[in-house]
Amino acid sequence: MRKSMRCCATLLLCLALTLTGALPAAAQALPTAADEWQTVDGTAYRTLLRGMQGEDVLRLKQRLQAFGFFNAVAKLTDSYNSTMEYKVKQYQNALGVKTTGIATPELQALLFTEDGGLPTPTPAPTVAQVIVDGISYRALQRNDSGPDVLRFKQRLQALGFFKPDAELTDSYNSTMEYKVKQYQNALGVKATGIATPELQALAASLDGGLPAASASTPAATVSPTTAPTASPTPLPAESVSTQPNATVSATPTPTPALSPATATDNGQPFRTLSRDMEGPDVLRFKQRLQALGFFKPDAELTDVYNSTMEQKVKQYQAALGQEATGIATVDLQALAQTVGGGLPTATPAPTAETVTIDGVAYRTLKRNMTGEDVQRLKKRLQELGYFPLNTEISDQYNSTMEYKVKQYQNDLGVKATGIALPELQATAFAAYGSLPTPIPLSLPPLPPLTEDGFLAETGGEFVYEDAVRGQWIYLSATLRVEITRYERGGINPLIWFETDIRFTQAESFQRYDAFQKFKNYFYTEYPQVIAARHNAVLAFNDDFYGIRGHRKQKMGVIIRDGALIADDPYRKNVVKYMPPLDILAFFADGSVRALYGNEYTAAELLAMGVTDTLCFGPVLLRDGQVGQQVANGSFSSNEPRCAMGMIAPRHYLLITVEGRHSGSKGTGLAWIATRMQELGVREALNLDGGNTTALVFRGQLLNKIGTLNGKLVIIRGVRSVSSVMGIGLNIVAPPAPPEEADPK
């Protein structure tokens, strides 16, 4: 009776708070408890809302991305943030249901149907086409998209307006608009940023209509000794028929002549230039000022005489000792084209105060400074993992650089000022940047070993366990396992385990499944429980393929004991989903290869002799080199991680990273890839991480994972799973692990 009265009182209190607005809106809108799981069409879901995180949040984001609610190249996280709430509202709005921003189990189940419950889109109205030289074009402008946009981009890339390695999309975005303006400037036509049918037809010609000197360079640099040629550039016709399928001629018309207020010098026509004017002569004069050092070498110049150009002209006039009007007269432009631009011989700038350390001179570096020394320091911080490996490093000490220096200072345990003093720079160029480096623990006294490091006594085993020191060792005549725990303090504390595994032909990696109590039912267990039942020496989390299959998610290529279990890869080799379903392929000789998801067909893998696969990813190392996605800076968030790599056949390394708790925040994949490189790993793959991360030695779970709710509280266990990877059998079985409650 008292319990019932307490419940009634609680309900009345909640109702009163709701009516008075005292409860948060999210709490008022909750249809079910956040941790309550509900089965819809055979799949378990929980209600998801703002502030939550987890793999189910990430999967939901990926599904919304597949339907176009996130940009196709957006990097998705497992956090249900304000952006995710907005995208869910957009999806609900498209469905015609109430927009709460809360993903109920029913909403998630609907989203994972074939069409997501969305209505069939109405075909877009047909765009008027123009036929030029037998080819149909439409006018292209900002916010357009389609294969014709991509083709035009590719043509501009071939003409040098995009970098050769730029990844092009089919979207006519602001960058594309700017590149079209550059192309139009190079042609000498008005820079509108709109690709008319005639402009596209001209671009498709052999040289794109560009002068020979400009065919490979969008903005040709003016020679300091020779004035540029002023021959007019052919223009496409200005008038375009608005009637569909109208035929027009692609014959270019001549460029309009310059205004009468011009003069010539060495055959080059000039006119007086001032603010708000535009044209190819403005661009040429800008390029000459750039060559003289008044614009940065990498500045992208336009044909507009804007306030910046006016300021640069004033600087040039002041350097000449003239009145700084900001107006480029005919005489001023002619003088600029002479050798040296009429400037006096430059006096060397005073050398900034430097300090010599170990024979190297350094100056203090801070925000807004530039120079080669800034670039060298940036590259060093990149080597130490503070910038993504494929980031283009400039010579600018900008806000990003200041932040990275603060991170480095924090990791050193010094005051984070963001200023790189000479002493800090010298420290950065020392071994490992003088950061705390993992020092392998000395081995305890060991029994007699063979030359290969295995136990000399056949049929026996040696076990050493020291949880305080952070060292675990197992030795037999066929298996050697050494586990070392490392810790790093600082603003981003980290705890990780490095497991060195060596074995003979008598051993191999095995997959151990959870106990199936009843046929046709799907069961999961804690990793340590699975490992203990199978008496495994070492066990660790795998690729989560069993649960993915149960949830009817993409599986990738799964091979077990030489038999094909699943053949469901992504269509592209490198995708930005998580997991990208890259492969660690196992061979009978004890070796592995890291492969991109669709690099080989399942039939080809079997023909190559692949006996088993782990399918998760991304690839961390391949032939000793960092994988594409990791080098691109993807998957850089700090999370619990697990990675497996091969140093040599039958010699492997595992790195297991704790995360989501105050003692260890986790790490991105670039750090793991770099660490594995240092330890000699040649092939490596990222395995499932997060709360699946598990390292089990003789039935005991060694790592700890924090909760998913952001409170950074250490829980006692990890997620229950359907299977684990493992190797070795204990000769003397260890004690059974204690019972644990399911953290879900």
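Visitor: Which residue in β17 is the bridge partner of Arg-560?

Guide: That's Ala-563. Residues are numbered from 1 along each chain as its sequence is written, and this is a predicted model, where local features need pLDDT of at least 70, side-chain atom pairs count only at pLDDT 80 or more, and totals for chains, interfaces and linings use all residues. Side-chain values use heavy atoms, leaving out hydrogens and water.

Visitor: What makes β16 a strand, and how do you know that β16 and β17 pair?

Guide: Strands are DSSP runs of E with at least two residues, while helices are runs of H or I with at least four, numbered from the N terminus. β16 covers residues 556–560, so it passes that cut-off. Pairing takes at least two bridges found by DSSP; β16 and β17 have five, in the antiparallel sense, so they count as a pair. They form a hairpin with two residues between them, and Asp-561 in the turn has a positive phi of about 50°.

Visitor: Why is β16 called mostly covered?

Guide: Because five of its five residues are buried, meaning under 20% relative accessible area (exposed is over 50%, partly exposed in between; 1.4 Å probe, protein chains only). Across the protein chain, buried residues make up 45% of 744.

Visitor: How do you know that Glu-658 has no salt bridge?

Guide: A salt bridge needs a side-chain nitrogen of Lys or Arg within 4 Å of a carboxyl oxygen of Asp or Glu. Lys and Arg count as positive, Asp and Glu as negative, with His and the chain ends not counted. For buried Glu-658, the nearest side chain of opposite charge is Lys-704, 6.5 Å away, so there is no salt bridge.

Visitor: What makes the meeting of the Glu-658 and His-661 side chains a polar contact?

Guide: The cut-off is a pair of N or O atoms within 3.5 Å; within protein, one must be able to donate a hydrogen and the other to accept it, and residues adjacent in sequence count only if both atoms are side-chain atoms. These side chains are 2.9 Å apart, so the distance fits. Glu-658 itself lies in the loop between β24 (651–657) and α19 (669–678).

Visitor: Why are β14 and β27 called edge strands?

Guide: In the open sheet β14-β28-β15-β26-β27, with antiparallel pairing, β14 (510–513) and β27 (700–701) each pair on one side only. β14 pairs with β28 (residues 723–729) over four bridges, and Asp-513 stands opposite Ser-723 in β28.
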